[in-house]
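Reader: Hi! I am new to protein structures and would like to learn how to read one. Could we go through it together?

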Amino acid sequence: MSINLELPEKLNSTVERSRLAAEHIFRPITRKYDLAEHEYPKELDELGKLAKAARASERSEGKSSADASEGTVNGANLRAVLNAHELSWGDVGLMLSIPGQGLGNAAIAAVANTEQLERFADVWAAMAITEPGIGSDSAAVTTTAILDGDDYVINGEKIFVTAGSRADHVVVWATLDKDQGRAAIKSFVVPMDTDGVTVERLEHKLGIKSSDTAVIRFTDARVPADNLLGSPDIDVKKGFGGVMQTFDNTRPVVAAMAVGVGRAALEEMRRMIEESGHPIDYDKPAAIQHVAVSEFIRLESDWEASWLLTLRAAWLADNKTPNSLEASMSKAKAGRTVTEVTNKAVEIGATGAYAETSLLEKWARDSKILDIFEGTQQIQQLIIARRVLGKSSADLK
């Protein structure tokens, strides 16, 4: 299959709506909530309602066109990365705080069955994977989910949960049987008001301060058995591919966040360079232009590559084509690029960019997490190497 890089007409409204929100809602309050860490951005309530209405409309469109569609599809995954790209240009922390658009929602979309998709259509779901001591090794989950009658009883602690104190549900990774290894790891949709679910604390962070990051403890938290996403069977041959499929959806979205922040920094970098009397000329070799211009052209090309990889990963997901390699490639490239772009922008801007008189220092702080969460740079490179070389996780560690 080939990919057409022209934006589908049906997605123009998504881009325009997100662009307006980023410019007129996010940018005016971006510094306010960066300084007021842990304070909920009440300005997002109305945006959350609009997003909910838009999702309902998209589901209706999807149902009516599901049987009629032929050829390639531009669907929910592409829409999600376009939305994330535009909103993150405004403020990536605020983007992560919009009601109803949590990372857990992407997890539900990735592995839920038809009944679950309908039942959880309007929830705001955070995602809880990381635990104290396990770092990037998702297969080392120690939180347990034990079947007891018609319920699973969940016990454990999760850290670095984005929107953990604001979302109304959380998608929790837990093991059904520690002796069965990674094959026993499943994901569960848990209402935050469930007895035994406690937000222990909120983290103070370097960046994305407008987004809350929580530690959540589960103590004999009971959830219905049909809140398990995917199959309850432990298939040792399949491993934990079911829950890992979540990342194939979420990593391109995080890459799109990085692309959005990178675009904001590139625009400001261009302004600074041109106002200093050094126009950017694409008809001349970069090597013979001012060093700042040369750096800008190099970084812009890396940014373009990041965006194209992100679009491809999302497009493959929409077209039911395996995209684990492309999802990791987009996340790795975009995460590395955004940190380089924002730090170079601060360097070029000098003392003015280091101060809070501009947003460049904030973007430099915000960008670092985009190279870390949903799998660090090193994890992405490991996954890419395994896919390219045809190695298993046991063969290449």
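Author: Gladly! Let us begin with a word we will need often: a residue is called buried if its relative accessible area is under 20%, exposed if it is over 50%, and partly exposed in between. Please keep in mind that this is a predicted model.

Reader: How many residues of helix α5 are buried?

Author: Helix α5 covers residues 103-111, and eight of its nine residues are buried, so the helix is largely enclosed by the rest of the structure. The buried ones are L103, G104, N105, A106, A107, I108, A110 and V111.

Reader: What should I look for in a nonpolar core?

Author: The idea is a set of buried residues such as Val, Leu or Phe, joined through their side-chain atoms. Here the largest core has 76 residues, and the members that touch the most others are F26, I108, V171, M257, M269, L360 and L370. Helix α7, residues 241-275, supplies the largest share of this core, with 15 residues. There is also a second, separate core of 24 residues, which includes W124, I154, L176 and A221.

Reader: Which residues does V171 touch?

Author: Leaving out residues up to four places away in sequence, V171 touches G104, A107, I108, A125, A126, M127, A128, S187, F188, V189 and L229. You have met I108 already, as one of the buried residues of α5.

Reader: F188 has a ring. How many aromatic pairs are found in the whole structure?

Author: The search finds two. In one of them, Y152 and F188 sit edge-to-face, with 5.0 Å from centre to centre and 65° between the planes. Y152 belongs to strand β3 (residues 151-162) and F188 to strand β5 (residues 185-191), so to speak two distant parts of the chain, 36 residues apart, linked by the pair. Both Y152 and F188 are buried.

Reader: Why is the pair of W173 and F247 called tilted?

Author: To count as edge-to-face, the planes must be over 60 degrees apart, and to count as stacked, under 30. The planes of W173 and F247 stand at 50°, with the ring centres 5.5 Å apart, so this pair is tilted. W173 lies in strand β4 (residues 169-175) and F247 in helix α7, so the pair ties together parts that are 74 residues apart in sequence. Both W173 and F247 are buried.

Reader: Can a ring have a charged neighbour too? Which residue lies over the face of F247?

Author: That is R251, at 4.1 Å from the ring centre. In a similar arrangement, R27 lies over the face of W89, at 3.8 Å from the ring centre.

Reader: And how many salt bridges does the search find?

Author: A salt bridge joins a side-chain nitrogen of Lys or Arg to a carboxyl oxygen of Asp or Glu, and the search of the whole structure finds 30. Take R217 and E157, whose side chains meet at 3.2 Å, N to O. This pair links strand β7 (residues 213-224) with strand β3, 60 residues apart. R217 is partly exposed, at 33% relative accessible area, and E157 is partly exposed at 23%.

Reader: Are R166 and D212 buried or exposed?

Author: R166 and D212 are both buried, and their side chains meet in a salt bridge of 3.7 Å, N to O.

Reader: What separates E275 and R271 in helix α7?

Author: About one helical turn, because they are four residues apart in the helix. Their salt bridge is 2.7 Å, N to O. E275 is exposed, at 61%, while R271 is partly exposed, at 35%. Finally, salt bridges that share partners join E295, R298, E340, K344 and E347 into one network.

Definitions and conventions
Residues numbered from 1 in each chain as written. Predicted model: local features only at pLDDT ≥ 70, side-chain atom pairs only at ≥ 80, totals over all residues. Heavy atoms only, no water. Core = buried A, V, L, I, M, F, W, Y, C linked by side-chain atoms within 4.5 Å. Buried < 20%, exposed > 50% of the residue type's maximum accessible area, 1.4 Å probe, protein only. Contact = heavy atoms within 4.5 Å. Phe/Tyr/Trp six-rings, centres within 6.5 Å; stacked < 30°, edge-to-face > 60°. Lys NZ or Arg CZ within 6 Å of the ring centre and 35° of its normal. Salt bridge = Lys/Arg side-chain N within 4 Å of Asp/Glu carboxyl O.
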